[in-house]
Amino acid sequence: MMRSLEVDKDPFRPAAEGEYILLHEVPYLGAIGALMYLASCTRPDIPFAVNLLARNSSATTIRYWNGAKHLLRYLKGTKDFSLFYSKNSMQDHVVGYAAAGYLSDPHKARSQTGYVFTSSGAAISNGV
């Protein structure tokens, strides 16, 4: 049974009218900047989450701040994980994968896409 997203329960929905906006109370923009660097340079497993968190940088709520802290805790718990590039891999050429979701952002009625390129069995480039 396929369940549809309940838009009003989505933790990454835009700030509701009357919802408290965090201005300079938390270092949200700095955290997002650091996460963007990691997502583009060293951690191919987090770009989608970082993209979601960066959407409301100008009107950050406690929900987004909690999401950023959750992602930082995930990174702390997986700091010993690494990509392994094998020169003996059966895939010694570059392979690309792409995905798209039609109307996957129900708040702005937008579609989302993503891609990843691999070589020697590990990711070398990705994007959302």
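On the surface of this predicted model, Leu-83, Tyr-85, Val-94, Tyr-115, Phe-117 and Ile-124 form a nonpolar patch with about 570 Å² of accessible area together. Such a patch joins nonpolar side chains (Val, Leu, Ile, Met, Phe, Trp, Tyr) within 5 Å, taking residues with over 30% relative accessible area and no salt bridge; a salt bridge is a side-chain nitrogen of Lys or Arg within 4 Å of a carboxyl oxygen of Asp or Glu. Areas were computed by the Shrake-Rupley method with a 1.4 Å probe, and for residues only the protein chains shown count as cover. One member, Leu-83, sits in the loop between α3 (62-77) and β1 (95-105) and is partly exposed, at a relative accessible area of 40%.

A word on conventions may help here. Residues are numbered from 1 along each chain as its sequence is written. Local features need pLDDT of at least 70 and side-chain atom pairs count only at pLDDT 80 or more, while totals for chains, interfaces and linings use all residues; side-chain values use heavy atoms, with hydrogens and water left out.

The protein has three helices and three strands, arranged along the sequence as α-α-α-β-β-β. These are DSSP runs numbered from the N terminus (helices: H or I, at least four residues; strands: E, at least two). Of its 128 residues, 27% count as buried, where buried means under 20% relative accessible area, exposed over 50%, and partly exposed in between.

Turning to the interior, the largest nonpolar core holds 15 residues, of which Tyr-28, Leu-35, Ile-46, Val-50, Leu-53, Trp-65 and Leu-71 touch the most other members. Two or more residues of this core come from each of α1 (28-41), α2 (47-54) and α3. A nonpolar core is a set of buried Ala, Val, Leu, Ile, Met, Phe, Trp, Tyr and Cys residues joined through side-chain atoms within 4.5 Å.

Helix α3 also has buried residues, among them Trp-65, Gly-67 and Leu-75, and their cover includes α1 and α2. Beyond its neighbours within four places in sequence, Trp-65 is in contact (heavy atoms within 4.5 Å) with Leu-22, Val-26, Pro-27, Tyr-28, Ala-31 and Thr-60.

In strand β1 lies Tyr-102, which is exposed, with a relative accessible area of 71%. The C-alpha atoms of Tyr-102 and Gln-112 are separated by 6.8 Å, although these residues are ten apart along the chain.

Notes. Patch = residues over 30% accessible without salt bridge, like charges linked within 9 Å, V, L, I, M, F, W, Y side chains within 5 Å. Buried < 20%, exposed > 50% of the residue type's maximum accessible area, 1.4 Å probe, protein only.
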